[in-house]
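Welcome, and take a moment to look over the model below. The paragraphs that follow will walk you through it step by step.

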Amino acid sequence: NDELAKIAEDTSKSIIRPNMLFDVDVLNGERDRITSRFRQQGYYNFNKDFLNYTVDSTLNIHKIDVSLELRDYLNHSGDSTNKVIFKQYTIRKVVFYTNSDLNLTSDIINKDKLDTIQFRDFILVTPKKQILKIDALVQNTFINPKSLYSDDAVERTYSALNSLGPIKYVNISFKEAGNNLLDCYVIIIPAKAVSLSSELEATYTAGYWGVAGNVNIANRNIFKGAETLSLLARGAFEWQDGVWAQEYGGQVGLKFPRFMLPFASFDFKRSIHANTEFTSTFTYQFRPGEFTTTNVGAGINYSWVRKRFQHIFQLFDLSYVQFHINPVFRDNFLNPVKPIFNPYNYQDHFIMRIGYAGSYTSFHTNRPMQDYSIARYSIETAGNFLNLLSHTLGSVPDSTGAYQLFKIRYAQYVKGEINLTHHQIFDKDNRFVYHVDFGIGVPYGNGDVIPFEKRFYSGGANSVRGWSESTLGPGVYNRITSLPRDFNQVGDIKLDMNMEYRTKMFWLLEGALFLDGGNIWTIKDYNTQQGGTFHFDTFMNQIALAYGAGLRFDFSFFIARVDLGFKLYDPTLTRREQWRVSPGWND
């Protein structure tokens, strides 16, 4: 077959190379590759058992010739099997059934109990009390009538349909319809649409113990189109020096399993295969002796997956933060003459932003022992539309030169971050993991500083593990308060680096040895963050180092870890004490 020869002889894609070691797994992988390419192009009846290898080792004791061939019975052009496996099939129609008791070999439908709904070449056979609309099913189906059969389309359809809330599981089958045509039958077993979940947790933050919990109610088929309406309520309490710190919050989300865009055609929206989510949030926080704050927000985002890439595009996200400052705290820490904390962190403000976040992995389930990398990246910007609106309407800035929305200053900045991880695998029990995380945020226009909640912090379980969370940096800044949390320890530039050796011990237990490095810095020279500004000629000497060991409990679907980190190099100390050769309790 000419098409088979073309695929098999593509040396750029082949995983078999001259002079490589003989490896049966590699030979089987090549059969899988060829078969996959063939089945992506409509050859529905082709499978890898039709391919076999012939090995000749008579020429040289250290070398062999390997030939890939069709099975003997397929080399005869008159063989009936030959004609079947080299036949390309096109999809004629796709039929969805939301009743598992139907007989697929019969076209007889009980019209008293079932309805038949047709859209183009898609058909939905459903009970009178409809479970799912055909629109939601078509939007999440990659098997298209009038297109060639493809294994990839089948797998993507399984993934997309199984991710819909009202579906328990899916079974897809095909039936030959003559003239090189296939009919696709999708059996859908419905799941319970409404769920209730709750969570209770103990917390320990900056030396304070607390308790928190939430309740989540979800209806995963609110409008019969697999839309998910979720309601979340959360409360948290923390005992701080004889007073309960409190936090209350709620979130409402409405997620559509399709691309929602006014005036766009059905075909365009279906080609995107994206989810659309509308969210709104509310949070109230009371910190004893400091402040109370209320945060209200709303947003719209789109998410979609393309093979190994995941994408999230935030079309719109608006939040409003309001503060009520304790007078004593204001006098001690926010004094206009010589503030200890940056006053902007405690001012009412708007954030209206747009952003994108994505991820990529080179991990392949068929080759779990092959080295792989993971990349996560994001970029966002805020305030540009509001700034354009201010200038268009001829708004007058306030006494500080900043524009306002409803007499409240809005933030303007751009922020980006990239997170890279590489797994170097030696065998199933041993590997090295390398990680680097770099982020930068720049305030401009209407903003002198990035809002506190958007700035970076360093230290803690996911950063330099010789420091507790938010206790490192910026730069060589030294803490100037005895409070458990110093709100000046945030920055506009972040660098985290990590190298970790992981080894399997026994049962689910793994061990790890690690070396961490990193810090945060500010873009501008702020009076309240002395020593924190980034400079190219000094930042290398300000990278903190830590080392340590940890345990991992690998449950496959999640990993629980415990790490003990020690300071190795502390840039905030004197030159004589920076290298912590004899670590103490504070390290």
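## A walk through the strands, helices and loops

Let us begin with a pair of strands: E13, residues 291–306, and E14, residues 309–325, pair in the antiparallel sense over 16 bridges. Keep in mind as you look that this is a predicted model. At one place in this pairing, Phe291 has Ile325 of E14 as its bridge partner. The hairpin of E13 and E14 has two residues between the strands, and Lys307 there takes a positive phi near 55°.

E14 has another neighbour to meet. Strand E15, residues 349–361, runs antiparallel to E14, and eleven bridges join the two. Here you can look for Phe313, whose bridge partner in E15 is Tyr356. As you follow such strands, a general point helps: in a regular strand the side chains alternate between the two faces of the sheet.

Now turn to the helices. Helix H2 covers residues 24–39, and Asp23 sits in the loop between helix H1 (2–8) and H2. With a relative accessible area of 33%, Asp23 is partly exposed. To get a feeling for distance, find Arg455 as well: Asp23 and Arg455 are 432 residues apart in sequence, and their C-alpha atoms are 51 Å apart in space.

Does the length of H2 fit what its residue count suggests, and what span should its 16 residues have at 1.5 Å a residue? The expected span is 22 Å, and the end C-alpha atoms of H2 are 23 Å apart, which agrees. Buried residues of H2 include Val26, Leu27, Ile34 and Phe38, and also charged ones such as Glu30, Arg31, Arg33 and Arg39.

Helix H8, residues 384–392, gives a clear view of two sides. Leu386, Asn387 and Ser390 are buried in H8. Seen down the axis of H8, these buried residues fall within an arc of 100°, so they line one face of the helix. On the other side of H8, Phe385, Leu388 and Thr392 are exposed. A general rule helps here too: an α-helix has 3.6 residues a turn, so residues three or four places apart point the same way.

Next come the charged side chains. Side chains of opposite charge can pair when their charged atoms come close. How many salt bridges does the structure hold? There are 25 salt bridges, and a few of them are worth finding. In one, the side chains of Lys128 and Asp115 meet at 2.9 Å, N to O. Lys128 lies in the loop between strand E5 (122–127) and helix H4 (134–139), while Asp115 lies in strand E4 (residues 114–119), so the pair ties together parts that are 13 residues apart in sequence. Lys128 is partly exposed at 45% relative accessibility, and Asp115 is partly exposed at 28%.

Another salt bridge brings together the side chains of Lys494 and Glu417, at 2.8 Å, N to O. Because Lys494 lies in strand E21 (residues 493–506) and Glu417 in strand E19 (residues 413–427), this pair ties together parts that are 77 residues apart in sequence. Is Lys494 buried or exposed? Lys494 is buried, with a relative accessible area of 10%, whereas Glu417 counts as partly exposed at 23%.

Asp429 and Lys428 also meet in a salt bridge, at 3.5 Å, N to O. Asp429 is partly exposed at 29% relative accessibility, while Lys428 is exposed at 67%. Elsewhere, salt bridges that share partners join Arg465, Glu500, Arg502, Asp516, Arg552, Arg561 and Asp563 into one network.

The surface has a nonpolar patch to look for as well. Val194, Leu196, Val215, Ile217, Leu231 and Val252 form this patch, with about 520 Å² of accessible area together. Strand E8 (194–205) and strand E9 (208–219) each supply at least two of the patch residues. Leu196, which lies in strand E8, is exposed, with a relative accessible area of 63%.

We finish with some backbone details. Most residues other than glycine have a negative phi, and most peptide bonds are trans. With that in mind, look at Gly473 and Pro474, which are joined by a cis peptide bond with omega about -5°. Pro474 is in the loop between strand E20 (430–443) and E21.

Two loop residues complete the walk. Arg120 has a positive phi of about 55° although it is not a glycine. You will find Arg120 in the loop between E4 and E5, where Arg120 is partly exposed at 48% relative accessibility. Phe406, likewise a residue other than glycine, has a positive phi near 55°. The loop that holds Phe406 lies between strand E17 (404–405) and strand E18 (408–409), and Phe406 is exposed, with a relative accessible area of 70%.

Notes:
Residues are numbered from 1 along each chain as its sequence is written. This is a predicted model: local features need pLDDT of at least 70, side-chain atom pairs count only at pLDDT 80 or more; totals for chains, interfaces and linings use all residues. Side-chain values use heavy atoms; hydrogens and water are left out. Two strands pair if DSSP finds at least two bridges between them. Helices (H or I, at least four residues) and strands (E, at least two) are DSSP runs, numbered from the N terminus. Buried means under 20% relative accessible area, exposed over 50%, partly exposed in between (1.4 Å probe, protein chains only). A salt bridge is a side-chain nitrogen of Lys or Arg within 4 Å of a carboxyl oxygen of Asp or Glu. The expected span of a helix is 1.5 Å times one less than its number of residues. Patches are made of residues with over 30% relative accessible area and no salt bridge: like charges are joined within 9 Å, nonpolar side chains (Val, Leu, Ile, Met, Phe, Trp, Tyr) within 5 Å. Accessible areas come from the Shrake-Rupley method with a 1.4 Å probe; for residues, only the protein chains shown count as cover. The arc is that of the directions from the helix axis to the C-beta atoms.
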